[in-house]
Amino acid sequence: MNRLSVQLPGLQLKNPIMPASGCFGFGKEYGKLYNLSKLGAIMIKAATLETRLGNPTPRVAETSSGMLNAIGLQNPGLQGVMENELPWLEQFDVPIIANVAGTETADYVEVAKVISTAPNVHALELNISCPNVKEGGITFGTDPEIAKQLTAAVKEVSAVPVYVKLSPNVTDVSAIAKAVEEGGADGITMINTLLGMRLDEKTGKPVIANKTGGLSGPAVKPVAIKMVYEVSQVVDIPIIGMGGVTNVQDVIDFLSAGASAVAVGTANFVDPFVCPTIIDQLPEKLDELGVNHISELVGRSHR
Amino acid sequence: MIMQDEMVLTSQQEIAHHIYEMKLTGKLVGEITSPGQFVHIRVSDTYDFPLRRPISIASIDEDANEMTILYRAEGNGTKQLARKKEGDVLNVLGPLGNGFPVEETKEGETAILIGGGIGVPPLYELSKQLTAKGVTCIHILGFQSAEVVFYEEQFKALGETYIATVDGSKGTAGFVTTVMEKINQDFSTYYSCGPMPMLKAVQAMYAGKKGFLSFEERMGCGIGACFACVCETTEETDKSYIKVCSDGPVFPAGVVSI
């Protein structure tokens, strides 16, 4: 018996660990460092209909136990991802979760329709929570009705299950979660980054060219844990949890809060081997906790 | 090959005001392929300062399995680094990026190496390798003031060396370009590393000459995955950004829009 296996809509995961979207590119760089088949899944960088150049630099800034980024969804566009990125990933035995972004519903629908037909794409992650683009992104993720409609529109065309990535930059995350569930979402991924700003010590001006950026890293973990704890109690669809995961204990915390699988983001930049390291450490952690299968931990914070 | 190495600090000293010279030993040294490559260093084991610090490699001693890095302790992260002692172990990712092409200058030819401030260090290993193959190197090094000048003697041992300081407290008063204007030496290649305005001025002054520039940008992962350290290209047909960390940091003159 594989103690770490997790089954979610569209996804047979050999373990619950996956790199989070935007923190792993399309896998090529990390593929030089270790065998990507080791991962439970890979959430690839957001794809938009057209090529996007992203924001001006500086795009990142360090903060206490975290970092701000405003990359701006730079990506080679749907065609580039379909022709160059996804086929390269086929050499690995790992399901791909394709992050889909857009500026209007029609974009999301078109990208979802096409990218969901790629043989190794087993699920979509609908990005309604990117805080770093002027149009689209987060605007779809802050209004429950708009989020629901977009989810339904994408569900209609997608050949694979659809997970919706939620933003923490809302007053009531449960309302958004329930809305996307009603819209037909097969699962939820959460949380995206928290909006933040850092000022230059000398000039007093924002460090990041985009002025604001998305805060990630250990600093956001308590926010993410609380939101997963809350949302997992009001929806019946599974959650892939993320936000500041750096080690095996963080993974246990997210599972305990109510997530069924866990994504690792910023920590990949600090330790490129963090995902395989955590995966290797999980069985021992289960022994320590006296647990046979990882699924036994899911939601134990509120059971 | 890129590796994450636990390197041992063999010595560290402040060689100019806030400028530190650190020597590290480890297997990673054997993987370095060209001068101008850099390493990405974790400044602490905790996540208080999560992002690694990209620092260029100033010199390599393959026999001793040792490399030297020179950095300015200015921000919180590099100040942490400055506190490290002999025997401390540092988590180092590298070697990263594409360095200066030594092969672009032939034996018997002359190269001009122009560095500004904390952009000077990678030029030292470059000069060592160029002079070893019989290239005549001329060094033009710019600094803010005399107190932050470093490695003058080391560069002098390799070839003609000119120092410029902005405040005139050492060498020529002014910028590297002030020195460049005075030198009428013919050369085949120029190599440069320093702040963006300096690179821009150098490239403009040596327009039409074969040159290679090393760029700097705030970095995330250091391996090309996060798309943080991009810069714009000049080619109008291909407007895509290129990454300083994995496509660079060294680019032929004219490639990057500056």
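Is Leu73(A) buried or exposed, and how many other C-beta atoms lie within 10 Å? Select Leu73(A) in this predicted model: the residue is buried, because 24 other C-beta atoms lie within 10 Å, and 20 or more is the cut-off for burial. Its phi is near 60 degrees, a positive value in a residue other than glycine. Leu73(A) belongs to the loop between strand 6 and helix 2 (77-89) of chain A.

**Further backbone features of chain A**

Next, select Ser65(A), in the loop between strand 5 and strand 6 (66-69) of chain A. Ser65(A) is not a glycine, yet its phi is positive, near 50 degrees. Ser65(A) is partly exposed, because 18 other C-beta atoms lie within 10 Å.

Then display the backbone from Thr57(A) to Pro58(A), where the peptide bond is cis, with omega near 0 degrees. Pro58(A) is part of the loop that links strand 4 (42-47) and strand 5 (60-63) of chain A.

A cis peptide bond also leads from Met190(A) to Ile191(A), with omega near 10 degrees. To place Ile191(A), look in the loop between strand 10 and strand 11 (194-196) of chain A.

**Strands 7, 8 and 9 of chain A**

Select residues 121-127 of chain A, which form strand 8. This strand is mostly covered, with seven of its seven residues buried. On one pairing, strand 8 of chain A is joined to strand 7 (residues 96-100) of chain A by five bridges, and the two run parallel. Label Ile96(A) and Val121(A) to see one pair of bridge partners between these strands.

Follow the chain from strand 7 of chain A through helix 3 (residues 105-115) and on to strand 8; this β-α-β crossover is right-handed.

Now add residues 162-165 of chain A, which form strand 9. Four bridges join strand 8 of chain A to strand 9 of chain A, again in a parallel arrangement. Here Glu125(A) has Tyr163(A) as its bridge partner.

**Helix 5 of chain A**

Move to helix 5 of chain A, residues 173-182. Which residues of this helix are buried? They are Val173(A), Ile176(A), Ala177(A), Ala179(A), Val180(A) and Glu181(A). In an α-helix there are 3.6 residues a turn, so residues three or four places apart point the same way. To see what covers the buried residues of helix 5, display helix 4 (144-157), strand 9, strand 10 (187-190) and helix 6 (221-231) of chain A, which are included in that cover. Just after helix 5 of chain A, Gly184(A) takes a positive phi of about 105 degrees.

**From chain A to chain B**

Show both chains together. The contact takes 30 residues from chain A and 24 residues from chain B. The side of chain B that touches chain A has 14 nonpolar, four polar and six charged residues.

**The barrel of chain B**

Hide chain A and look for a closed barrel of six strands in chain B, in the order 1-2-5-4-3-6 with antiparallel pairing. From one strand to the next the twist averages 45 degrees.

Begin where strand 1 of chain B meets strand 6 (residues 89-96) of chain B: six bridges join these antiparallel strands. Across this pairing, Glu6(B) stands opposite Asn91(B).

Turn to strand 2 (residues 19-25) of chain B, which pairs with strand 5 of chain B over seven bridges in the antiparallel sense. Leu24(B) stands opposite Met67(B) there. Strand 5 of chain B also pairs with strand 4 of chain B, antiparallel and over four bridges. In that pairing, Ile60(B) stands opposite Met67(B). Strand 4 and strand 5 of chain B form a hairpin with four residues between them, and Asn65(B) in the turn has a positive phi of about 55 degrees.

**The two domains of chain B**

Finally, colour chain B by its domain assignment: domain 1 (3-96) and domain 2 (102-214). Their centres, taken over C-alpha atoms, are 23 Å apart. The contact takes 15 residues from domain 1 of chain B and 14 residues from domain 2 of chain B. On the domain 1 side, strand 1 (3-16), strand 4 (53-61) and strand 5 (66-72) of chain B each supply at least two residues. Strand 4 of chain B gives the most, with five residues. By class, this side of domain 1 of chain B has nine nonpolar, five polar and one charged.

Terms used
Residues are numbered from 1 along each chain as its sequence is written. Chains are lettered from A and ligands numbered from 1 in the order in which they are written. This is a predicted model: local features need pLDDT of at least 70, side-chain atom pairs count only at pLDDT 80 or more; totals for chains, interfaces and linings use all residues. Domain bounds come from an automatic or database domain assignment. Two residues are in contact if their C-beta atoms, placed from the backbone, lie within 7 Å. Ala, Val, Leu, Ile, Met, Phe, Trp, Tyr, Cys and Pro count as nonpolar, Asp, Glu, Lys and Arg as charged, and the others, Gly among them, as polar. Two strands pair if DSSP finds at least two bridges between them. Axes are lines fitted to C-alpha atoms, for helices over the stretch in contact, and angles run from 0 to 180 degrees between N-to-C directions. A residue is buried if 20 or more other C-beta atoms lie within 10 Å of its own, exposed if 12 or fewer, and partly exposed in between; C-beta atoms are placed from the backbone. A crossover is right-handed if, with the strands pointing away from the viewer, the path from the first strand over the helix to the second runs clockwise.
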